[in-house]
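Colleague: Got a minute to go through this model with me? I have a few backbone and surface points to check.
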Amino acid sequence: MITFEQVSVRYADSAEPVLRNVDLTVPEGELCLLVGPSGSGKSTLLGTVSGLVPHFTGGVLHGRVTVGGRDTREHRPRELADLVGTVGQDPLAQFVTDTVEDELAYGMESLGLPGDVMRRRVEETLDLLGLADLRDRALGALSGGQQQRVAIGSVLTVHPRVLVLDEPTSALDPGAAEEVLAVLQRLVHDLGTTVLMAEHRLERVVQYADRVLLLNPGAEPVLGEPAEVMAHSPVHPPVVALGRLAGWRPLPLSVRDARRKAAPLRAELDGRAPAAAGTPDGAPIAATDRLAVRRGPVQALRGVDLALRPGEITALMGRNGAGKSTLLGSLVGLHAPTSGSVTVGGRTPHRTRPAELIRHVGLVPQDPRDLLYGETVAAECAAADTDAGAAPGSCRALVERLLPGVADATHPRDLSEGQRLTLALAVVLTARPPLLLLDEPTRGLDYAAKARLVQILRSLAAEGHAVLLATHDVELAAELAHRTLILAEGEIVADGPTAEVVVSSPAFAPQVAKVLAPGPWLTVQQVAKALGA
Amino acid sequence: MSSPARSTRPPTGPRQLHPAAWWLWALGLGAAATRTTNPVILLLLAATAGYVVAARRGDAPWSRSYGAFLRLGLLVLGIRLVFAVLLGSPVPGTHVLFTLPELPLPAWAQGVRIGGRVTLEGLLSALYDGLRLATLLVCVGAANSLASPARLLRALPGALYEAGVAVVVAMTFAPNLVADVRRLRAARRLRGRNDRGVAAVLSVGLPVLEGALERSIALAAAMDTRGFGRTADVPRRLARVTAALTLAGLLGVCLAAYGLLTAGGAGWALPVLLLGLAAAFAGLLLGSRRSLRTRHRPDPWALPEWLTAGSGAAVAALVTWLASRDPAAFTPTVVPPTVPVLPLAVVPAVLLGLVPAFAAPTPPRRAS
């Protein structure tokens with residue numbers, strides 16, 4: 001269906017080609033998963049299939065990409081629209097109209113399909129994706145999972161034979177991600193659509209793939225059976241790591257397969273328990289008391305009681321829109337409470353001057369770029385020193401510690417997602433706040449960047465920082481957090497040690513916990529340590 | 001052959017009225033408002049529009065814009081009154097309400113006055129003027145909340161479609177920009193800088209523009225991959241004729257505008273203007289052939305649409321006619337101040353504008 005012949009892509013501003021000599025064929029009707037570390041050219045490869053590379057992004061494409069017999073170099077993206085459907089990470093960025101039904105019809109209108117065909121296909125697609133109840137709804141009023149399903153539906157109505165998805169579940173909570181994946185599954189099974197998908201969160205998707213394409217910078221791309229590729233892939237989900245550790249053959253890719261093989265491991269681990277992390281018991285440095293916050297017409301928080309202690313890492317989880325960001329915002333004074341109170345370091349955040357507040361609490365927002373204004377890393381660091389009233393060079397020293405080897409003259413925009421997050425973290429830490437908040441820090445990070453973040457946050461906690469992170473990433477929470485809070489509809493529904501809170505939850509349990517339940521194991525490292533001991 | 005499925009929406013049951021009908025109705029009320037400064041008639045017009053909005057507005061996001069337009073109208077009225085108080089009014093008056101301390105101005109600023117006497121006549125005249133503008137805004141707001149401008153643009157002919165999309169995209173960007181400014185101001189606070197004041201808003205300007213640019217590029221890419229801008233092959237001759245007609249039409253319109261604006265040329269200008277418009281319109285129609293687009297379930301134009309648009313036109317026509325017959329009642333004198341009276345004949349004329357509150361179908365409501 002899709003063939004790449006000697007494809008190389010080089011962008012004008014870089015010396016090295018992003019893709020080099022890619023030579024492969026994706027057969028019709030397969031779900032092909034694209035994996036690889038950040039910067040390995042996943043998005044570029046997807047772009048060559050939809051024609052956006054090179055027609056839209058510029059750059060030079062060598063070789064030939066053909067989709068359904070059409071050469072994407074000779075056909076502009078709009079001429080491929082009836083053949084290839086493209087869905088990105090942020091559905092809101094690709095919506096053209098304002099209601100669900102209009103959005104579904106938009107692509108067909110562009111292709112000039114007759115009215116009765118459009119009418120029929122809209123109904124079929126509404127049913128296929130379970131959107132029938134939402135047909136007249138405004139797109140902005142939908143939840144994240146619903147929006148992503150509409151985005152998929154809007155490209156499906158033209159009956160494309162290939163669907164290209166760039167990180168479709170990255171921004172979604174675990175429940176919404178499963179909604180979207182179930183839909184993709186159905187398309188591959190019932191309609192025979194060829195799906196090409198890139199995704200960092202392999203634990204969510206790898207079990208659905210028919211084939212995995214591994215892109216590794218500096219090595220030949222590998223296309224093969226998922227289990228075979230995963231056995232050697234540098235990026236892999238926890239269930240694969242556990243399988244490699246236990247020596248299971250063939251390598252299980254889903255929790256179900258792993259569980260069926262795990263009986264001996266469970267027996268071996270029986271009676272042992274992971275080393276309990278000492279629960280810190282200092283005086284709380286931040287607390288909320290029956291905190292309620294209203295944002296516009298929405299009651300975002302209702303009666304939240306919370307105390308954060310130094311040295312403790314707390315994960316804050318819950319659906320999109322459960323109030324996680326609002327809680328973080330209240331702690332830095334972005335939202336005034338409608339009732340109840342917040343205190344951070346003995347102060348009321350929304351009544352404290354920003355310059356003083358940053359010495360008590362720092363927040364790294366969802367998009368770290370919001371915090372960075374400088375033209376260069378050096379300028380950014382100098383500005384951070386001035387803002388925080390710190391000795392000149394403090395921020396640069398932090399950057400050197402957290403992110404060794406970044407040149408002074410680099411523009412923050414040219415850093416990778418992980419590096420940018422770390423730079424923002426260093427900027428926030430310059431004021432030495434004892435309380436550190438992070439909003440969705442692992443969005444767009446690959447496993448290596450995530451592992452580095454885990455190390456950094458652990459050492460910060462060991463130095464006595466209290467850390468609160470809002471996240472959808474259950475694996476991150478399992479690995480890092482001493483304590484987990486689950487928010488629903490603005491209320492805390494669970495609060496306790498991570499192991500206790502997540503193990504029993506179907507949505508928030510990490511893969512290792514699901515495989516080894518009812519044992520108290522959360523991460524592969526814990527298991528490895530227990531087996532090694 | 002079996003009968004094809006109906007492509008327009010069925011004209012029965014709850015549905016959205018054709019957006020053009022709502023806009024025609026609202027423009028009719030607005031046109032009526034421009035014919036009078038009588039505050040009683042203006043308030044009656046505003047109340048009529050308000051009643052129809054209350055009766056037939058849906059629950060989509062744009063439906064809430066009515067409140068914003070109401071507030072905007074009040075703001076305009078307030079500004080007009082404040083100016084009349086502070087800067088005085090050209091209306092001569094004898095009923096002095098109070099006297100503000102007058103700011104002495106140098107000789108070159110003669111004719112400008114700050115402070116001084118505030119007369120009843122001046123205030124009344126400003127109030128009537130402001131009220132008329134506010135009523136116009138309320139009428140536009142009513143149309144806006146009853147039918148989103150985006151839906152109106154969807155009904156444009158094919159050749160204008162792409163321009164229409166540009167406008168729609170620009171309009172959805174405004175709320176996004178506001179959200180961006182908020183987010184970036186919050187981020188300033190996180191850096192320990194002040195988040196209040198003009199400087200804070202200005203300093204986020206560049207990142208906001210960057211964000212807007214990135215978003216538009218992402219949207220353009222998404223639209224391209226979904227077939228936006230696909231064109232049909234048309235014979236080269238037709239394409240040439242289209243271009244020639246459009247160009248000649250525009251040239252004619254420009255020439256005519258020049259002729260109309262300079263003294264003496266008015267004789268030939270009008271026919272040239274008409275010819276130019278006709279040529280441009282023909283070019284547009286031919287140009288639509290290049291567009292492949294079809295419409296998904298266009299709104300039908302049925303009896304409720306006729307009634308709605310007709311009621312707006314009737315209000316405009318009747319009020320204009322009545323105003324020409326009895327100008328005194330429609331522009332109550334402010335010098336000397338009189339109590340405005342409501343000419344009885346106007347009441348049924350304006351109340352005709354209530355027809356859509358009963359004739360228009362109820363918009364579909366979502367179970368929430």
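Colleague: Where is P336(B) found?
Modeller: This is a predicted model. In it, P336(B) sits in the loop of chain B between α12 (327-330) and α13 (346-351). The peptide bond leading into P336(B) from V335(B) is cis, with omega near -5°.
Colleague: And what is the peptide bond from R249(A) to P250(A), cis or trans?
Modeller: That bond is cis, with omega near -15°. P250(A) is in the chain A loop between α9 (238-246) and α10 (255-261). Most peptide bonds are trans.
Colleague: What about phi of R290(A)?
Modeller: R290(A) is not a glycine, yet its phi is positive, near 40°. The residue belongs to strand β11 (residues 286-295) of chain A.
Colleague: Is R290(A) buried or exposed?
Modeller: R290(A) counts as exposed because its relative accessible area is 56%, and the cut-off for exposed is over 50%.
Colleague: Switching to the surface, which residues form the nonpolar patch?
Modeller: Eleven names would be a mouthful, so to speak; among them are L72(B), F83(B), L103(B) and I114(B). Together the patch residues have about 920 Å² of accessible area.
Colleague: Which helix gives the most to the patch?
Modeller: Helix α3 (residues 65-87) of chain B, with seven residues. F83(B) is in that helix and counts as partly exposed because its relative accessibility is 48%.
Colleague: How is chain B divided into domains?
Modeller: Domain 1 covers 19-153 + 300-359, domain 2 covers 158-225 and domain 3 covers 236-290. The C-alpha centres of domains 1 and 3 of chain B are 36 Å apart.

Note on methods: Residues are numbered from 1 along each chain as its sequence is written. Chains are lettered from A and ligands numbered from 1 in the order in which they are written. This is a predicted model: local features need pLDDT of at least 70, side-chain atom pairs count only at pLDDT 80 or more; totals for chains, interfaces and linings use all residues. Side-chain values use heavy atoms; hydrogens and water are left out. Patches are made of residues with over 30% relative accessible area and no salt bridge: like charges are joined within 9 Å, nonpolar side chains (Val, Leu, Ile, Met, Phe, Trp, Tyr) within 5 Å. Accessible areas come from the Shrake-Rupley method with a 1.4 Å probe; for residues, only the protein chains shown count as cover. A salt bridge is a side-chain nitrogen of Lys or Arg within 4 Å of a carboxyl oxygen of Asp or Glu. Helices (H or I, at least four residues) and strands (E, at least two) are DSSP runs, numbered from the N terminus. Buried means under 20% relative accessible area, exposed over 50%, partly exposed in between (1.4 Å probe, protein chains only). Domain bounds come from an automatic or database domain assignment.
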